[in-house]
Structures are given as structure tokens and as C-alpha cells.
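Biologist: Please take a close look at the aromatic pairs here, and at what surrounds them. Geometry and exposure would help me most.

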Amino acid sequence: LAPKEEKEVLFLLSWYFPNLYDSQRRLLGHKYEQWFKNAEEVAKYGLDNYQRLYTESLAFHDAFYSNLPQWLADAINSQFTTLYKSSWWTKDGTFGIWEGMNACCGLQTTDVSYYGSFPVLLFFPDLEKVEIGLTARAQSEKGEIPHLFPARFDVPDGYWRIDMEPQFILMVYRDYLWTGDKDFLRKMWPHIKKAIDYELSIDSDGDGIPNIEGSALTYDGWPMHGTSVYVASVW
């Protein structure tokens, strides 16, 4: 630099980690392997598209903060990092979000998706339908909807909770109303029917509301018996 001269220098940090394995040491890989071959290609893409990416990101930020009070925008915006920090998007297109950090909980938790999947549906509706499809494929023969996947996309944890079925049904209905995708709804209908039939089968006192014995629901810290207000309301 000459005296009093100014220049702007752009630095890029890129990474490429294709070796994602599940608990059985099966190679799952990452979706971005279909677009890039190494970290250098990632960096080149970022450099070639820098101005567009920067402009579009800034436009999103400005639009977001122009329509909401700052405290509310901050509260919502602080959660966006979960979409890329806690999500798995494997090479074959399977998608799910890890419930907690530090090996807590599991992948694609139904009750957490029930209240936490709205941003995925809003910004990436096709990925939301992939998540729902993953949950549907793991439905038990009796019609139970899985709680989560502890370490593998094809094996649920077996912790069947009686509020998973109505939560799953409501998410399918919500996703259909949002996307208008009738093929998606038709594909999910057999799973919805099995889920409804299962809930009806555990109505032991005939009042139309599923009954519980123990802590097999989202509020699993407190054993309950008979009718749970939370399950009843969701159902």
C-alpha cells in the first residue's frame, strides 16, 4: 500500500467434508457433494457469486427488520442458525434436524418438529416434505408415529408417544394447506388413516380421547393416567 492508500481484500474460508457416517459406519455423505468436488470449488463458487450472495443476503436482512419490531426480529433471527448448524442433508437427499447439541436427544424429533418446523416449511417446503416422509416411513405396523431417530435415518428409537400421531396428522394438514400439493397429501393419507386408527384403539374408556398410562407424551417428566389435557387438546 502506498501512503494513505486504501484497498479492500476479500478472504474466503471454505470446507468440504463428505465423510458423514451413521452409527453403523454406513457412509451417508452430504448433499453438497452433488454440486462440488472439493473445498476449492466451494471457494470458487463463493468468489464468483460473492456480489449476488451479499446483495441477496442484505436484502433479506433489510426486509426482515423493516416489518417487525427489533426485539421480535432478533428473537426469530437468532434461531435461523439451527437450519444449518443442526441439520443433516445427506447425499441421497434425506433431510432431518437434530433436536439438541452435544449428542442430546435425536434426529427428526416429531414433537419438536410440531412446533419448530415452520421456518423449514416457509423457506424450504420441499425439505419439509422430505422430513415428513422420513417420519411416515418409520410408522409402526400398529400405526404409531416414531418419536425420533437416535443415530440412523431408518431406525426410530421405539419410544412411542401417544401425542405423536395427532401431531403428525396436523403437520401433514398444515403442509398441504401451505403448499397445495395434493400428491403429497395422497401419499400421506394411508399413514394418516393408520395413525387415527391407532389413537382410537387406545381409547380405553370410550370417550373419544386416547388414554395414557405413564409418561409416553411430550411432557414426559410427569407420569399421567387416563386423560391428558395436552393430548386431548392436540387430538
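Modeller: This predicted model holds 14 aromatic pairs. One of them joins Phe36 and Tyr45. The centres of Phe36 and Tyr45 lie 5.6 Å apart, and their planes make an angle of 65 degrees. That angle is over 60 degrees, so the pair counts as edge-to-face. Phe36 is buried, at 15% relative accessible area. Tyr45 is partly exposed, at 36%.

Another edge-to-face pair is Phe80 with Phe123. Here the centres are 5.8 Å apart and the planes meet at 90 degrees. Phe80 sits in the loop between helix H3 (70-77) and helix H4 (82-85). Phe123 belongs to helix H6 (residues 118-123). The pair therefore ties together parts that are 43 residues apart in sequence. Phe80 has 16% relative accessibility, which is under the 20% limit, so Phe80 counts as buried. Phe123, at 34%, is partly exposed.

Phe80 and Phe123 also belong to a cluster. Ring pairs connect them with Phe60, Phe64 and Tyr65.

Next, charges over rings. Arg25 lies over the face of Tyr21, 4.4 Å from the ring centre. The charged end of Arg174 sits over the ring of Phe118, 4.6 Å from its centre. Arg174 has a second partner: Asp175, through a salt bridge. The closest N and O atoms of that bridge are 2.9 Å apart. Both Arg174 and Asp175 are buried.

Tyrosines also appear on the surface. Tyr50 and Tyr54 join Leu10, Leu12, Leu47 and Leu58 in a nonpolar patch there. Together the six residues have about 530 Å² of accessible area. Helix H2 (residues 50-66) gives the most to this patch, with three residues. Tyr54 lies in helix H2 and is partly exposed, with a relative accessible area of 44%.

Back to the charges. The structure holds 14 salt bridges. Among them is Glu33 with Lys91, at 3.9 Å from N to O. This pair links distant parts of the chain, 58 residues apart. Glu33 is in the segment before helix H1 (39-48). Lys91 is in the loop between strand E1 (87-89) and strand E2 (95-97). Lys91 is partly exposed, at 41%.

Glu5 and Lys7 form a salt bridge too, at 3.9 Å from N to O. Glu5 is partly exposed at 33%, whereas Lys7 is exposed at 64%. Finally, Asp111, Arg161 and Asp220 are linked in a network of salt bridges.

Technical notes:
Residues numbered from 1 in each chain as written. Predicted model: local features only at pLDDT ≥ 70, side-chain atom pairs only at ≥ 80, totals over all residues. Heavy atoms only, no water. Phe/Tyr/Trp six-rings, centres within 6.5 Å; stacked < 30°, edge-to-face > 60°. Buried < 20%, exposed > 50% of the residue type's maximum accessible area, 1.4 Å probe, protein only. Helix = DSSP H or I, 4+ residues; strand = E, 2+ residues; numbered from the N terminus. Lys NZ or Arg CZ within 6 Å of the ring centre and 35° of its normal. Patch = residues over 30% accessible without salt bridge, like charges linked within 9 Å, V, L, I, M, F, W, Y side chains within 5 Å. Areas by Shrake-Rupley, 256 points an atom, 1.4 Å probe, with all protein chains shown as cover. Salt bridge = Lys/Arg side-chain N within 4 Å of Asp/Glu carboxyl O.
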